[in-house]
Amino acid sequence: MPDVLSLRDLDRASLDAILDRSGRWADGAAEPRGGRPRVATIFSGPAFRTRLAFDTAIDLIGGHRVDLPLTLGEREPIADTAAVLGGGVDAVVIRHGSHADVLELAEHCPVPVVNAMTASGHPCEVVSEAFTVRRRRGSLDGLRLTFVGEATNLFRSWCELSTAYDIAVTQVAPPGFEAPQAYLDEIAALGGSLATTADLAAGADGAHVIYTDGWPEEARVDGPTRVAFERTTITADLLDALGGDPTAGEGVLMHCMPVRRGDEVTAEAFAHPRSITLEAKRSLAPTHAALLEFALGML
């Protein structure tokens with residue numbers, strides 16, 4: 001059964017199957033497919049939305065959640081933890097800072113491992129966001145997404161998704177916070193599309209989706225970094241200028257949350273009719289249920 005560590009692990013056929021199944025869960029048309037899988041969850045940090053989404057998803061598929069309040073690699077080698085987990089559960093969902101640690105866990109664990117978030121990627125979250133956009137547009141192909149902010153784990157997962165679908169990603173970030181050229185070349189070599197700019201108006205021009213993440217810590221206090229990021233604050237005027245039909249996924253705003261109104265977005269922009277952030281968060285449980293079914297070989 002497959003791990004879900006990065007969106008690079010999933011080909012287009014697998015992603016289509018996950019998104020289709022997500023729709024059935026979202027519509028209340030899906031039923032558990034038998035068995036009662038035991039799913040271990042290991043979450044670092046508050047992980048409010050992650051915990052809620054996976055707890056609901058495990059319940060949807062008829063599973064049993066085993067919450068483990070441990071820190072990976074703290075008291076024993078990761079390989080030892082993996083061996084014990086493999087003898088007690090059917091899958092592991094983990095949110096942990098180090099992507100290398102999660103890769104090591106997956107290498108030694110005989111059951112599938114699902115990356116609920118690391119510093120290098122946020123694949124489950126982006127599947128949920130992509131599902132929300134796909135429901136409105138009918139397809140991910142031809143999507144133009146503008147990511148406003150530094151090159152975070154969410155940004156990288158969107159770039160990885162562009163290697164499976166015809167998605168053009170443009171990053172808007174102040175100088176010094178843009179994705180390095182080597183990363184642009186890497187995504188291009190995988191068939192994806194990625195460009196960077198420091199100009200918010202230029203980056204947003206023609207975008208179907210404006211997506212933003214929280215600012216880095218140094219931008220949250222007065223200083224030159226904050227001044228640079230203030231040029232990327234998304235306003236209601238910017239959203240008004242996008243054009244297109246938001247019900248068809250044209251000219252919409254999504255935020256990863258938690259949101260700091262007045263920093264990455266104004267309060268008016270977050271409450272704007274074009275903002276579909278909360279709709280996307282309602283997609284977390286159905287998409288996570290489909291992802292778990294995929295990892296468990298139940299699709």
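Which element gives the most to the lining of the largest pocket? Helix H2 does, with three residues. The model discussed here is predicted.

**Domains**

The domain assignment splits the chain in two. Domain 1 takes residues 7–122 + 282–296, and domain 2 takes residues 126–278. Their C-alpha centres are 26 Å apart. At the contact between them, 24 residues of domain 1 meet 25 residues of domain 2.

A UniProt annotation from an unreviewed entry, "domain: Aspartate/ornithine carbamoyltransferase Asp/Orn-binding", spans residues 141–293. Over residues 141–293 the chain is 36% helix and 16% strand. The end C-alpha atoms of that stretch lie 24 Å apart.

**Nonpolar cores**

In soluble globular proteins, nonpolar side chains tend to be buried together. Here the largest nonpolar core holds 58 residues. Leu 140, Trp 158, Leu 161, Tyr 211 and Leu 292 touch the most other members. Domain 1 and domain 2 both give residues to this core, so it lies between them. Another core, of 17 residues, lies apart from it and includes Ala 40, Leu 105, Val 111 and Val 113.

What does Leu 161 contact, leaving aside its neighbours within four places in sequence? The partners are Leu 7, Leu 15, Val 126, Ala 130, Leu 140 and Ile 167.

**Pocket and cavity**

The largest pocket has a volume of about 350 Å³. Its lining counts 18 residues. Closest to the pocket centre are Arg 49, Arg 95, Met 117, Met 257 and Pro 258. Helix H2 (48–60) and helix H6 (153–161) are the elements that give two or more residues to this lining.

A search of the whole structure finds one cavity of 30 Å³ or more. The largest cavity holds about 40 Å³ of space. Its lining consists of Arg 49, Thr 50, Ala 53, Ala 116, His 122, Cys 124, Glu 125, Leu 284 and His 288. At least two lining residues come from each of H2, helix H5 (123–137) and helix H13 (284–295). H2 gives the most here, with three residues. Arg 49 is named among the cavity-lining residues and among those closest to the pocket centre.

**Backbone geometry**

Most residues other than glycine have a negative phi, and most peptide bonds are trans. The table lists some exceptions.

| Site | Feature | Value |
|---|---|---|
| Ala 47 | positive phi | about 50 degrees |
| Met 257 | positive phi | near 70 degrees |
| Met 257 and Pro 258 | cis peptide bond, omega | about 0 degrees |

Ala 47 sits in the loop between strand E1 (38–43) and H2. Is Ala 47 buried or exposed? Ala 47 counts as buried because its relative accessibility is 3%, under the 20% cut-off.

Met 257 lies in the loop between E9 and H11. Pro 258 belongs to the loop between strand E9 (252–255) and helix H11 (267–270). Both Met 257 and Pro 258 are among the residues closest to the centre of the largest pocket.

**His 208**

Where is His 208 placed? His 208 is in the loop between helix H8 (200–204) and strand E8 (209–212). With a relative accessibility of 11%, His 208 counts as buried. Leaving aside neighbours within four places in sequence, His 208 contacts Arg 137, Gly 142, Leu 143 and Arg 144. Gly 249, Glu 250, Gly 251 and Val 252 are also in contact with His 208.

Definitions and conventions. Residues numbered from 1 in each chain as written. Predicted model: local features only at pLDDT ≥ 70, side-chain atom pairs only at ≥ 80, totals over all residues. Heavy atoms only, no water. UniProt positions renumbered as here; feature names shortened; annotations may be inferred. Helix = DSSP H or I, 4+ residues; strand = E, 2+ residues; numbered from the N terminus. Core = buried A, V, L, I, M, F, W, Y, C linked by side-chain atoms within 4.5 Å. Buried < 20%, exposed > 50% of the residue type's maximum accessible area, 1.4 Å probe, protein only. Domains from an automatic or database assignment. Contact = heavy atoms within 4.5 Å. 1 Å grid on protein atoms, 1.4 Å probe; cavity = no way out; pocket = protein on both sides within 12 Å on 5 of 7 lines; lining within 4 Å. Points joined across faces, edges and corners; volume = space filled by probe spheres on them.
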